[in-house]
Amino acid sequence: MIKALLKKQLNELFSMLFYDRKRNRRVVGGKAVLYIVLYILLFVMVIGYSSLMAVGLGFNYLVVTSEFAWAYYGMGAIAAMTIAIIGSVFVTYNTVYKARDNEFLLSLPITPSKLLFTKLLSVWLSGFMWESLVLLPFLVVSYILAPGLITPLGIIFQILLWLGLSFVILFLTAILGWLIAKIATHMGRYKTLIVVVLFLAGFVGYMVLIAQLENGIGTLFEDPEAVAQGFGNFIPALAFGKACLGDALYGSIFFLICAALLALVYWILSVTFTNIIKSGNKGKAIRINKREEKQSSAMRALIRREFKHYLSNPMYILNSSLGYIFLPIIGVLAVFNRANIQNVIKVLAASSSEMPPEAITQLISALLPVLVFFALMLLCGMSVISAPSVSLEGKKISILQSLPISMKQVLWSKIAFHCIIAMPFTLISTILVSIGLSLDVPNAIIVTVLAAVIVFFFGVFGLACNVKWPMLNWKNENIALKQSMPILFCMLVGYISPIALTVLYYFISAFIPPFLYLIVIGAVLGLLSWLLLRWINTKGAEKFQYLS
Amino acid sequence: MLLIENLTKTYGEKKAVDNLSIHIAPGEIYGFIGHNGAGKTTTLKACAGILQFDNGEIFVDGTSMKKDPIACKKKMAYIPDNPDLYDFMTGLQYLDFIADVYGVSIEERKERIHKYASAFELEKDLPALISSYSHGMKQKLAIISAWIHNPKLIMMDEPFVGLDPKAAKLLKDMMREVCDNGGAIFFSTHVLEVAEKLCDKVAIIKKGELIRSGTMEEVKGDDSLEDVFLELEAEK
């Protein structure tokens, strides 16, 4: 029984890696390996910052001030825990509290405790993977830089606490997931908004923490003892750090507490699981005070439908548009730091002995639009609303297919919706950044036009990818959002294209000025968009008509 | 109203529908019966324009589904076997969406929504999210959405599943009303008593092939439809 449930949970968690939904069969061999490599690559890119931090801190603590090495491990534990909680809290929410199959599984001859056990195991695995991606680089760095500090007992406790920390993560994500589920159940129509706000608050908190850590890194190098002593006041970090260095007392106590937290969370949930599911599935009626008394065109109706779908799922908003929420913030920050940016440019210009300052200032000013363009590629590639839009139709796709509308129209409504959401945020941000960087008018215009081209390109590209690789047989919408090949592909293009374009520019910069380079790249993106659009209008629409 | 000519659909090696031909005239309620996996849903989906077929032709009121699917779809409505509707919309928003796509005027849609929703006792639930609906309520909503643009042809896959007796009776009356006004109904069912009482014509399909069709009298003679069906099913 447990084995069958576990298999089902793991299949759900890793279905994208090992199951080809298009051909309806398991993925084996090279393709599975490729998927796994792509996933790991993406995760490493996402948490690369933490790993880099590990290297920097490792160097400082383990080589320069080895007597405070425990603080290094303590910091690693905090970083791993923070990332893992952010990364897996919604997995908990969707797997334990909000899963569509909860009622069905409870109707089978399975005890709630067994069901809960398998669900928690998959949540634990998710947290453990996130934790490992951050904690392991910390540990590896310490082995490389300070092998003298490593003891056999230390290694044993590092392994034990690596496991133990994942229990703490499970405990905290279970509580947070429960809170989200409670709020979501009682807040009816404001559910999406509240979940988005909660997530953003958590994200902002994380960013503040990172910013403080950044400031702290400076202090670390100046006065590491003071920082380490500060860390010492936080007992869990101290205990974790000391245990990693082989302190049996701290190690044992820490691990016992972790195990106790695991037992506690399992006990609480096993007592309340059935009630949580029952209360969580009550549909709340939403009353509409005023009905729109206006007939719409089919296109408007389709776009409105996309909008309602988008607003109904917080994961859809967060997964596909987080970048757009932060873009205007970046713009405002650029405007407020305009003077500082100019000062930095002046300092850079004065620091070179090979070129006159005016020439460097001119060069930097010319290169800034190129940098803005690269940043836009990166951010817009991470936020493609159209990329999961076909998969999200799920089995309900037949509703659209049976209506008297062309599938081209349906696909266009998805691109239009992407642009309606993405365009204002991107354009406002680009204009603000242009002001902040004091770009001249021609450069500001070309960057703004390029921003529009990028938004359109990713809208078309994401949709084309999703028509090509749809995933319609999901049980939970979030699987289509989280494990969607098109989303990963867009993110990869967003990551890789700025690097490729930088390398390209490095080689041709002697022959082509930055302004012209941007025009050429913009034209290429425009051409690609047009070609993709042609495919969507013809073969894409034909394919969409008969997707099932 | 609906002409299916030599329809063939294969999935890999398996022929789901094999050279099927059916003609449904205006004013007819046409029942489509067969065992599970016989090819009923495949046929209905092909007629609804959501499934590509290998050979044959489908005409809706004289218009070819292959050549002009949108014109065909404007004249008809299709209700699938599972009323999987948009959970993120309210019932009213869903009906408005369908009405907008079909270009139904505000006056007409208001009148029809009121007429059918009150008949199905669904009016007070229309402002609620579809995700809170029971299976039967979703089925009622799917039926209202099919009737909202006054189609000439309505195709339904197992329409009575999940409906309470009162709603089932209402649906039968609505089907008859469509036919009385010159429309046609093509529906699949496993409830042979309903088919026997309701249908003007019936087609029996087995392993993708049409094994008997015609008026109810022609198909069943003096026996019950159930006896005839089981007899045909037992034949090799």
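The following paragraphs describe the domains of chain A, a helix pair within it, a strand hairpin of chain B and the contact between the two chains.

The structure is a predicted model, in which local features require pLDDT of at least 70 and side-chain atom pairs count only at pLDDT 80 or more, whereas totals for chains, interfaces and linings use all residues. Residues are numbered from 1 along each chain as its sequence is written, with chains lettered from A and ligands numbered from 1 in the order in which they are written.

Chain A is divided into domain 1 (2-14 + 48-280) and domain 2 (298-330 + 365-545), with bounds taken from an automatic or database domain assignment. The contact between these domains involves 11 residues of domain 1 and 12 residues of domain 2, two residues being in contact if their C-beta atoms, placed from the backbone, lie within 7 Å. On the domain 1 side, α4 (69-97) and α8 (191-222) of chain A are the elements that give two or more residues; the largest share, 5 residues, comes from α8(A). Helices (H or I, at least four residues) and strands (E, at least two) are DSSP runs, numbered from the N terminus. The domain 1 side comprises 6 nonpolar, 2 polar and 3 charged residues (nonpolar: Ala, Val, Leu, Ile, Met, Phe, Trp, Tyr, Cys and Pro; charged: Asp, Glu, Lys and Arg; polar: the others, Gly among them).

In chain A, the axes of helix α14 (residues 338-351) and helix α15 (residues 357-381) come within 8 Å and cross at roughly 130 degrees. Axes are lines fitted to C-alpha atoms, for helices over the stretch in contact, and angles run from 0 to 180 degrees between N-to-C directions. α14(A) is therefore oblique to α15(A) (under 35 degrees is roughly parallel, over 145 roughly antiparallel, 65 to 115 roughly perpendicular and the rest oblique). Ile345(A), Leu348(A), Ala349(A) and Ala350(A) of α14(A) meet Pro357(A), Ile360(A), Thr361(A) and Ile364(A) of α15(A). This contact has 7 nonpolar, 1 polar and no charged residues.

In chain B, strands β1 (residues 2-11) and β2 (residues 14-24) run antiparallel and are joined by 7 bridges, pairing being assigned if DSSP finds at least two bridges between two strands. Leu7(B) has Leu20(B) as its bridge partner in β2(B). The hairpin has 2 residues between its strands, and Gly12(B) takes a positive phi near 65 degrees.

The contact between the chains takes 29 residues from chain B and 26 residues from chain A. On the chain B side, two or more residues come from each of α2 (69-75) and α3 (91-102), and α3(B) gives the most, with 6 residues. By class, this side has 18 nonpolar, 7 polar and 4 charged residues.
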